[in-house]
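Let's take a walk through this assembly one piece at a time. Have the sequence and the coordinates open as you read.

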Amino acid sequence: MSSVLQQASVTAPSTGSTREIALTGVAKTYPLKRGASVTALAGIDLEIADGEFVALLGPSGCGKSTVLRIVAGLEQPSTGTVSVGGASPQALSKAHRLGVAFQEHSLLPWLTVRQNITLPYKVAGRPVDTAHVRELIDLVGLGGFEDARPKHLSGGMRQRASIARALVLDPDVLLLDEPFGALDAVTRRRMNKELARIWAELRITTLLVTHDVDEAVLLADRVVVMTGRPGRIRHIEGIDLPLREHTELTRSPEFHEIVDRLTGMLETTKAA
Amino acid sequence: MTESITTERAVVDQAAEELLERPGPAATETPAARRRNPLQVVGRILAAIVVRYWPIIAMLIAWPVWLWANGYSRAVAPGPLDVATDLVQHPDVYLLPVLWTALFAIGGLLLGMLVGIVLGVLVWMSPLVSGLLLPSALILRVVPVTAMIPILAALFGYGSGTVVVMVVILVFFPAFSLTVSGMSSVSQSSRDLFAVLGSGLAARVFRLHLPAAIPSIMLALRISAPVGILGVLLAEYLLSGVGLGDLLRTAGERLEYEREWAAALVATVLSVICFGLARTAERRVVDRVT
Amino acid sequence: MSSRLRTAVYGVAGVVVLLVIAQIIGTTGLLGPTWPPITEVAAFLFDPSNHRLLGNALAATVSEAALGGLIGIVAGIGFALIAALLPLLAPGLDRFAALIDAVPAIALAPFLILVFGREGTPVIIVALSVTFIIYISTSSGLDSAGRPYRDLFSVLGARRAVRLGRVDVPAALPKLFDGLTLAAPAMILGATIGEWFGARRGLGVLFVSAMQNYRIELLWSAAVLAVLCSLIVYGAALLAQRAVVRRFA
Ligand SMILES: Nc1ncnc2c1ncn2[C@@H]1O[C@H](COP(=O)(O)OP(=O)(O)OP(=O)(O)O)[C@@H](O)[C@H]1O
Ligand SMILES: [Mg+2]
């Protein structure tokens, strides 16, 4: 582990369970009408170690969300296997140990921000830890909007609420699908920092889908670059940057070297 | 009150359609799983029938059991067999009433649709007139057909003319309001396009708004089909000396229960057929225009 | 003038125009003596000596409609929940509902009279038509929560019943209330149809007897009452529906 995150004091809680993710030979075809089908993924092999942070980059429609949905147990791979902590993804969600923030925010429109964030407690049948909820609301910068309904929030605020909801049960595995997509650059960097801090504390096994190369390089231990049609892994970049301050890092030449290389890779992918 | 009961009825009807398309448990199987030995195929078909029609099967079983448990004699409560026997032995009794009822229903349906569409187009052209008429149309739509028939009978006599007028009025309202709402549903960009092309009123009506209203108009037809049949049956029951409604009443009065039940069955089948025809027509036409 | 105000003004003006035309037809005798002037119908309605007759009929019809409506609402919601929780039963229930809708109420009468009696038949006809409307609207409402919400609840590890309670039911409320606005006129219609088959009292009975005895004002007054009832229930359902849509959609 050598990402920027380690500068925060590491106090990884030992839950005892292993939380690694393994996809082996995963392919996914969606049946379309009249016998046609679309191959979204082909031959995906990916292992994410316990407590590792992996970012997924790739052009739109290349199958990033599909990978995430397979790991979340929302889709079955057509071929290949997926396991989380040695068991099926469904076992993880049945145990309420999975946190997901989707591309669409999926906040319930009839609940307030606070009620939305406490929903996972209710579903799991656990008592609500009000202090923790309070903390998370402040963390994502929604203090003062606890009692607002989603329709009165901006797109970015909704995304932040759904990130708070994903984190509220201290999950073992965190899946984030473009969670900062609707945020402005400044808020996005701030949220990146906060996520980095939380993540450094909790060491949750995380899979982040993003379009932002900077964000991927900043946050992740490894960056996976995908190509589309059908979705394959083109390249895996281990991020091994010297430990430094967040903002300082973004100005460093090493950082830019990696970002430029990955960006170039994405551009040629698109052209292909 | 911009939205009328008719358009809400349309929403529920649409929902019913979608529910019927809901895939049953059997639909999720792969084709490979279906190719098995004949016994399994038969079992599978039986299972599919039970899954789709279990409430009707349950009713057919419960009915004789209930009759037997209550000790009803066949004279009061004919069993399925008695009803079928009367149907087969006296088809002539039913044929003419069916034709009359179908004639009134289909004729009234078409006439009512025509009047509704034409008036809808005329009214649509003026926001003032449509603003004036639509709420009144809503109120008139709420007049129960059970009140409408006696009022029309008092006005136009107890004959067949009244039956036709009644069906036309009944069918008119859905056709009228759905035509107006369908024609108003054209998107701003299409309107802009026709404005840019400098098209006249006739071109806008016949090339843009009326075609856009076709799905709504066909929906009106589907909604009206069972309503029209029910109206005709009720009117015949109360007024004219012809048709299935009349057969139902006279059989009931003469305590000919087999005949009464058989007439009810025939009326049901007729209604279901009209409903099915209207649905098919709607699907075909909407498929072509969208 | 705001567009909502304009709609309201147009609507009221339209109803006034309608009444005036009806009045003119009545006073001039354009459609014969069986089209009474609206003022005479109103006078009949407000004449205290008619209140007992009209009141009795109204009370009978409204109580049948209310009881049948209640049964229909409970049954419709109940069947929709059953179909949602036990998907195996859903295809059968959907088709049965469609059949019930296609069967003309009058054809069911012989069967219903035998099973429920002449006084019970109106209630059951109301209940059947309301059950259909509520079943269809609730079922499609329960299906209406989008895929993101389903996904959310499956990654949260929620059981089917938990998702039903926390997402599907709240999401279904607007459609359920849509169904209620539609059920309002169906209730009065169903009750009066049922009354045609030998009930002793009710607006439906009044329609027929007034026609046979050539009591035109009575006939029109009863019709006006039926329309007013439907509109009141419809208006109440519409207000409730608006409130629910504001809250849940
Ligand atoms: N339910 C589905 N049915 C059919 N095809 C699907 C389905 N879901 C995804 N696909 C197809 O799979 C491919 C990958 O989709 P996916 O949503 O995973 O892309 P993505 O990389 O997340 O794109 P984006 O960056 O735009 O979110 C696309 O071509 C899409 O059309
Ligand atoms: Mg995606």
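A word on the UniProt annotation before we use it: its positions are given in the numbering used here, feature names are shortened, and annotations may be inferred rather than shown by experiment. Also keep in mind that what you're looking at is a predicted model.

With that said, start with chain C. UniProt, in an unreviewed entry, lists residues 58-240 of chain C as "domain: ABC transmembrane type-1". Look along that stretch and you'll find 87% helix and 0% strand, with the end C-alpha atoms 24 Å apart. Step back to the whole of chain C and the tally is nine helices and zero strands, so to speak an α-α-α-α-α-α-α-α-α run from the N terminus on. Its C-alpha atoms fill a box of roughly 70 × 60 × 30 Å along the principal axes.

Now for the neighbours. Which chains share the most contacts? Of the two pairs of chains that touch, B and C have the most. Chain A and chain B, on the other hand, do not touch, and their nearest C-alpha atoms are 11 Å apart.

Chain B itself splits up in the domain assignment: domain 1 covers 16-70 and domain 2 covers 80-289. Measure from C-alpha centre to C-alpha centre and these two domains of chain B lie 32 Å apart.

That leaves the contact between A and C, so let's zoom in there. Chain A brings 23 residues to it and chain C brings 20. Together the two chains bury about 1,900 Å², with 64% of that on carbon and sulfur atoms.

What about charges across this contact? How many salt bridges link chain A and chain C? The count is two. In one of them, Asp151(C) pairs with Arg69(A), and the closest N and O atoms are 2.5 Å apart. Polar contacts between chain A and chain C come to seven residue pairs, both residues at pLDDT 80 or more.

Which parts of chain A do the touching? Helix H2 (89-94), strand E5 (98-101) and helix H3 (113-124) of chain A each supply at least two residues to the side that meets chain C. H3(A) gives the most to that side, with four residues. Sort the residues on this side of chain A by type and you get twelve nonpolar, three polar and eight charged.

Definitions and conventions: Residues numbered from 1 in each chain as written. Chains lettered and ligands numbered in written order. Predicted model: local features only at pLDDT ≥ 70, side-chain atom pairs only at ≥ 80, totals over all residues. Heavy atoms only, no water. Domains from an automatic or database assignment. Contact = heavy atoms within 4.5 Å. Buried area = accessible area lost by both parts, 1.4 Å probe. Salt bridge = Lys/Arg side-chain N within 4 Å of Asp/Glu carboxyl O. Polar contact = N/O pair within 3.5 Å; in protein donor to acceptor, adjacent residues only side chain to side chain. Nonpolar A, V, L, I, M, F, W, Y, C, P; charged D, E, K, R; others polar.
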